[in-house]
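Q: Please take a close look at one helix of this model and its aromatic surroundings. I would like one connected account.

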Amino acid sequence: MDDKIIEENNIEEIKTEEAVASKKKNGFLGTLINALLFIILIILGARLIFTVFFMGVYVVGDSMMPNFYGAATETEKGGDYVFVNKFATPERGDVVVIAVENEGEEVAIIKRVIGMEGDSLYLYRGQLYIKYAGSSDFVLFEEDYIDEQYNNPNLSYNSTSIVTVPENCIYVLGDNRNISKDSRAKEYGCFDLDDVYGVIPDWSLDYKQTISDIYNFFKI
């Protein structure tokens with residue numbers, strides 16, 4: 001009789017240990033699942049916030065050489081990939097992405113801001129002269145981002161008449177002055193600030209190569 005009681009007690013102890021172990025296991029799995037769900041929600045939330053403030057742009061064409069490398073077409077690899085701050089206000093020297101109409105479709109172009117509202121400016125043999133808003137004299141504007149091979153002084157395209165930038169507008173040029181279609185083009189001229197998608201922030205420029213390598217690696 002006593003042996004039977006002992007056996008039953010042993011069985012109860014085993015069952016209790018199994019229940020405790022199972023409870024611990026389920027508790028660990030539950031904690032792990034909750035942690036993973038929390039991480040996923042954080043990532044999705046961060047991505048949502050990021051897409052509200054920023055948009056990605058794939059560079060096509062050579063108009064911003066040598067500072068930005070563009071792919072031959074949108075479907076080919078090799079172009080730089082940058083992010084644009086949609087809420088930043090353009091300033092002189094910023095690189096911006098602008099909406100333009102091309103054959104009835106809206107497309108994006110990437111250019112550098114040269115003139116602000118009220119400025120007067122002109123190019124002479126590739127050199128930029130600006131009379132800042134409120135000033136009386138033109139001064140030579142040094143552009144350390146321009147490479148000589150992309151700024152031929154003998155091209156008529158690199159000498160322009162004086163332009164005054166209207167209110168709420170900007171004057172933009174490509175870094176490859178020889179071929180860039182920008183504010184010098186009759187069909188473009190100065191761009192309204194409402195046409196600006198945004199400004200490429202410094203962090204996107206600093207990590208441009210890394211971001212572009214990752215984008216091109218996964219680009220189909």
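A: The charged end of K208 sits over the ring of F68, at 5.4 Å from the ring centre. The model is predicted, and the values here are computed from it. K208 is also one of the buried residues of helix α3, together with I211, S212 and N216. These four cover an arc of only 125 degrees around the helix axis, which puts them on the same side of α3. The cover over the buried residues of α3 includes β1, β2 (81–85) and α2 (202–206). On the other side of α3, F217 and F218 are exposed.

Y215 belongs to α3 (residues 208–218) and pairs with Y58 in strand β1 (residues 54–58). The two residues are 157 positions apart, so this pair links distant parts of the chain. Their ring centres lie 5.2 Å apart with the planes at 40 degrees; the pair is tilted because that angle is neither under 30 nor over 60 degrees. Y58 has 14% relative accessibility and therefore counts as buried. Y215, at 27%, counts as partly exposed.

F217 and F218 form a ring pair as well: the centres are 5.0 Å apart and the planes stand at 85 degrees, so this pair is edge-to-face. Both F217 and F218 are exposed.

The Y58 and Y215 rings are also part of a cluster that ring pairs build from F50, F54, Y58, Y81, F83, W203 and Y215. With ring centres within 6.5 Å taken as the criterion, the count comes to 13 aromatic pairs. A charge over a ring also occurs at Y157, where the charged end of R184 is 3.9 Å from the ring centre.

As for the setting of α3, the protein has three helices and 11 strands. Along the sequence their pattern is α-β-β-β-β-β-β-β-β-β-β-β-α-α. Of the 220 residues in the protein, 34% are buried. Among contacts in the protein with a separation of 6 or more, 61% are between residues 24 or more positions apart. The protein exposes about 14100 Å², and carbon and sulfur atoms supply 56% of that area.

Notes:
Residues are numbered from 1 along each chain as its sequence is written. This is a predicted model: local features need pLDDT of at least 70, side-chain atom pairs count only at pLDDT 80 or more; totals for chains, interfaces and linings use all residues. Side-chain values use heavy atoms; hydrogens and water are left out. Rings of Phe, Tyr and Trp (its six-membered ring) pair if their centres lie within 6.5 Å; planes under 30 degrees apart count as stacked, over 60 as edge-to-face and the rest as tilted. Buried means under 20% relative accessible area, exposed over 50%, partly exposed in between (1.4 Å probe, protein chains only). A charge sits over a ring if NZ of Lys or CZ of Arg is within 6 Å of the ring centre and within 35 degrees of the ring normal. The arc is that of the directions from the helix axis to the C-beta atoms. Contact means heavy atoms within 4.5 Å. Accessible areas come from the Shrake-Rupley method with a 1.4 Å probe; for residues, only the protein chains shown count as cover.
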